[in-house]
Each structure stands twice: as structure tokens, then as C-alpha cells.
Amino acid sequence: MAMEGHYRSHPNGAPLILFGIPNSIERRVDYAIEIPGGSSLILKHDARAPLACLDTVPEEAQPPVGTVFWSFRVMVGFGLAMLGIGLWSLVARWRKSLYTSRWLIRGAIAMGPSGFIAVLAGWITTEAGRQLWTVFGLLRTHDSVSPLDAPAVAVSLLAIVVVYFAVFGAGIWYLLRLMSKPPEVHERALDGTVTRAAGITPAAAIVSGATK
Ligand code: HEM
């Protein structure tokens, strides 16, 4: 209900709100762009099916709607952008401009952190959305808080930070070292076969006919 921004129940089919600004004071989504009957169709397989919404949930048990609404859209937005760049790459490959299209390459670089951002947004959606429950109907968030004292939690957190810095630091240093060496035109794998990118795509140097 919070992900979809449905404050009020819809007895005759709920719309799918694509965008808008959740207004938790007035209990509505301002400037909503919506597809009539879309939510009911997705959730109940019938565009006219009634949908019970946040007004059926006690106010103290409702999640922060704005957080859940926006984090869900960030996640889905990045998911669609990933799909989009995949399709764009396919078209570019078909048009033989996969390695030369400046905008595609720029876009691919810009999309680098997208998986990370989408995972965080998905996680925020789930964690903020399921309040007040850690496990819905079984375990409340305040019952699942660690019984350990703060200093004990701080020490284990510090240990994790130190270990992760060492492990990821070494990993990043190794990756940067690998990346600092550019690929060579006549590069061959150890078994003598030609270099291939993405499994089946001949590497850039071979496509451009620079070998032999
Ligand atoms: C493309 C459209 C996408 C849709 C429609 C979608 C939908 C959903 C839904 C319905 C949830 C569950 C929320 C809940 O009820 O708890 C969820 C959770 C999540 N999503 Fe997405 N998602 C999409 C893309 C992505 C992408 C691209 C990523 C990451 C690369 C991602 C990562 C996550 C994560 C990490 C969770 C939380 C899982 C958990 O902790 O239980 N999602 N997503």
C-alpha cells in the first residue's frame, strides 16, 4: 500500500500511480500520474477489483509512506534503466557500433553504480515498509533489537569495519592494478585462442580488423 501510495481504499478498482508526491498530511498523492485500474489489475488480476488500502491499517502500524514510495521508484527506475542500456547495447552491436558509440559507453560508465543503488533502494523499501515488524505478524522490530550492551555492539561493528577495509582495500588495489594495464592488440589467451569480450563478442581490436 505504501509502495503504491494508496492512502485510501478503492472499492471500484485502484489505479497504478507511476509518479506523484505523497502527501501524508492530507493522505493523498499530489500531482499523481496514474494508470486507471492498474494496481487492481496487477494485484488482483481484475482492473475493477476492490483494493483495501492504508485507511484499513491503524495509523501507528503504518510505514513512512514517502520513504517507501520513493525508494521503490528509485529501485524500479534503475531496474528499467539497466534493461534499457542492455537493449541499447544489443541494437548497437547489431549496428556494429558497440565499441565505438560514445554515448553508449558514457551511459555504461554512468550506470556503473546502478546495481548498488538499486539494491540499497530495494532494501530500504523492504525494511522501512515492513515496520513495525521484523517478521510480519511474528516478530516486532522492538522485540528483535539486540539484547547486547552498546559497547559490545560497537566492538563487533569496529571489528567488521577493520576487516572489511582490509579485504576490500586489497581487492580494490588489485583491481586498479589490473585496470592500469591496457589490453594489447595481439593479446592471446594462454591456450592460444583469440581474446573475446562477453563470451562470444570478439574483442574491440579484432572487430576493427587491427589484428594480423
Ligand atoms: C525492475 C523493476 C523492479 C521491481 C518491479 C522490483 C520489485 C520489488 C519488490 C516488490 C520488492 C519487495 C518489497 C517488499 O515487499 O518487501 C523488492 C525488493 C527488493 N529489490 Fe526490487 N524490483 C525491481 C528492480 C530491482 C533491482 C534492479 C534491484 C537491484 C539490482 C532490486 C533489489 C531489491 C532488493 C535488494 C530488495 C529487498 C529484498 C529484501 O530485503 O527482502 N530490485 N523489489
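Here are four short exercises on the structure above, each with a worked solution.

The model is predicted: local features need pLDDT of at least 70, side-chain atom pairs count only at pLDDT 80 or more, and totals for chains, interfaces and linings use all residues. Residues are numbered from 1 along each chain as its sequence is written.

**Exercise 1. Find how many helices and strands the chain has, and in which pattern they follow.**

Step 1. Helices (H or I, at least four residues) and strands (E, at least two) are DSSP runs, numbered from the N terminus.
Step 2. Counting them gives six helices and six strands.
Step 3. Walking along the sequence, you meet β-β-α-α-α-α-β-β-α-β-β-α.

**Exercise 2. Work out which helix gives the largest share of the shell around the ligand.**

Step 1. A residue is near the ligand if its C-beta atom, placed from the backbone, lies within 6 Å of it.
Step 2. There are 14 residues around the ligand, and Val76, Gly79, Ala118, Gly122 and Thr126 come nearest.
Step 3. Both α2 (65–94) and α4 (114–129) supply at least two shell residues, but α4 gives the largest share, with eight.

**Exercise 3. Locate the largest nonpolar core and explain where it lies relative to the domains.**

Step 1. A residue is buried if 20 or more other C-beta atoms lie within 10 Å of its own, exposed if 12 or fewer, and partly exposed in between; C-beta atoms are placed from the backbone.
Step 2. A nonpolar core is a set of buried Ala, Val, Leu, Ile, Met, Phe, Trp, Tyr and Cys residues joined through C-beta atoms within 7 Å.
Step 3. The largest one has 10 residues, among them Met1, Leu54, Val68, Phe72 and Ala121. Helix α2 gives this core its largest share, six residues.
Step 4. The core lies between domain 1 (1–62) and domain 2 (64–145), because both give residues to it. The domain bounds come from an automatic or database domain assignment.

**Exercise 4. Look at the backbone of Tyr31, His45 and Leu132: what are the phi or omega values?**

Step 1. As background, most residues other than glycine have a negative phi, and most peptide bonds are trans.
Step 2. Tyr31, in strand β2 (residues 28–35), has a positive phi of about 50 degrees. Tyr31 is exposed, with 8 other C-beta atoms within 10 Å.
Step 3. His45 sits in the loop between α1 (38–44) and α2, and its phi is positive too, near 60 degrees.
Step 4. Leu132, in the loop between α4 and β3 (133–135), is joined to Gln131 by a cis peptide bond with omega of about 5 degrees.
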